[in-house]
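Trainee: Hi, could you walk me through a structure today? I'd like to begin with one strand and then move on to the ligand.

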Amino acid sequence: MNKIALVTGATSGIGEACARKLAVNGYNMIITGRRAERLDALAQELSALGVGVITLEFDVRDREAATAAIQSLPPEWQEIDVLVNNAGGALGLEPEYEGNYEDWDTMIDTNIKGLLTMTRLIVPGMVKRDRGHVVNIGSVAGDAAYANGNVYCATKSAVKALSDGLRIDVAHTSVRVTNIKPGLVETNFSVIRFHGDKERADNVYKGIQPLTGEDIAETVYFAVSAPAHVQVAEILVLATHQANGSTIVRR
Ligand code: NDP
Ligand code: 8X3
């Protein structure tokens, strides 16, 4: 059987592009997300490439659902080689002292606790098999806070800490851990951040050529396809006229 990759949040943006990139390169795919119809459409497309595909519809914030989903996999599909912890996002862009409690909870529960749940479910098998790769999708936002980014930036700092911590905890095995830290990537990210305000979302990418989900998938695959003795610990990928989370030159 080909190697198996599981991508969370494969229904859109970076996750969808990662699923395509891995499938094109022969991985059997487990694609997850909350929107079943989008998972089904992607499954059809990837199956046509000749790889096996399983869709799992669950919310990464729901530990019981995540556990049941992983346990529902046929035994040979539970031997996951690559876990891409991608599901996540931002909600709101306000001063910390004016933020919305619900938005905070959603970001913390998804970006930190959801990622941890998936790690806890899948990494024990990797450790046992002495083989595997965890790719966490962090962000430039985790390197330094930017104005009004507060809680989102904190969740991505947590992704960095959790990636670094996991790398230490599996260092006695051949399991590798990579934190990919994208800058501005044009996906559905900003539409969700601004609660559906498309015009405000479009403004985020005005005057600068943003990255695409495919650009990030390339970096994920670079890390995953490196020789077994090479552990790509982190990759920071920015748009060309972006210097960090705050400095973006629009022309
Ligand atoms: P999108 O909004 O396009 O995609 C987000 C994906 O996450 C969707 O597939 C969505 O699936 C999934 N998701 C969100 N919440 C949940 C949940 N509770 N349970 C399961 N799946 C969930 O955004 P991106 O592709 O841009 O974002 C992907 C990751 O990349 C995020 O972690 C984001 O923080 C990070 N990132 C994005 C950057 C950008 O500029 N776009 C830059 C740096 C990092 P569904 O709705 O079907 O559940
Ligand atoms: C997403 C990139 O700069 O909007 O993590 O936070 S940014």
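Trainee: Why is strand β2 largely enclosed by the rest of the structure?

Mentor: In this predicted model, 6 of the 6 residues of β2 (residues 28-33) are buried, so the strand is largely enclosed. Buried means under 20% relative accessible area, with a 1.4 Å probe and protein chains only. Strands here are DSSP runs (E, at least two residues) and helices are too (H or I, at least four), numbered from the N terminus.

Trainee: Which residues point which way from β2?

Mentor: Asn28, Ile30 and Thr32 point one way, while Met29, Ile31 and Gly33 point the other way. In a regular strand, side chains alternate between the two faces of the sheet.

Trainee: And which strand pairs with β2 over 4 bridges?

Mentor: That's β1 (residues 4-7), in the parallel sense; pairing needs at least two DSSP bridges. Leu6 has Ile30 in β2 as its bridge partner.

Trainee: How many bridges join β2 to β3?

Mentor: There are 5, and β2 and β3 (residues 53-57) run parallel. Thr32 stands opposite Leu56 in β3.

Trainee: New topic: how far is the side chain of Thr11 from an oxygen atom of ligand 1?

Mentor: An N or O atom of that Thr11 side chain is 2.7 Å from the ligand 1 oxygen. For Lys156, a polar side-chain atom lies 2.9 Å from an oxygen atom of ligand 1.

Trainee: Any notes on the conventions?

Mentor: Residues are numbered from 1 along each chain as its sequence is written, and chains are lettered from A and ligands numbered from 1 in the order written. Local features need pLDDT of at least 70, side-chain atom pairs count only at pLDDT 80 or more, and totals for chains, interfaces and linings use all residues, while side-chain values use heavy atoms, leaving out hydrogens and water.

Methods:
Polar contact = N/O pair within 3.5 Å; in protein donor to acceptor, adjacent residues only side chain to side chain. Buried < 20%, exposed > 50% of the residue type's maximum accessible area, 1.4 Å probe, protein only.
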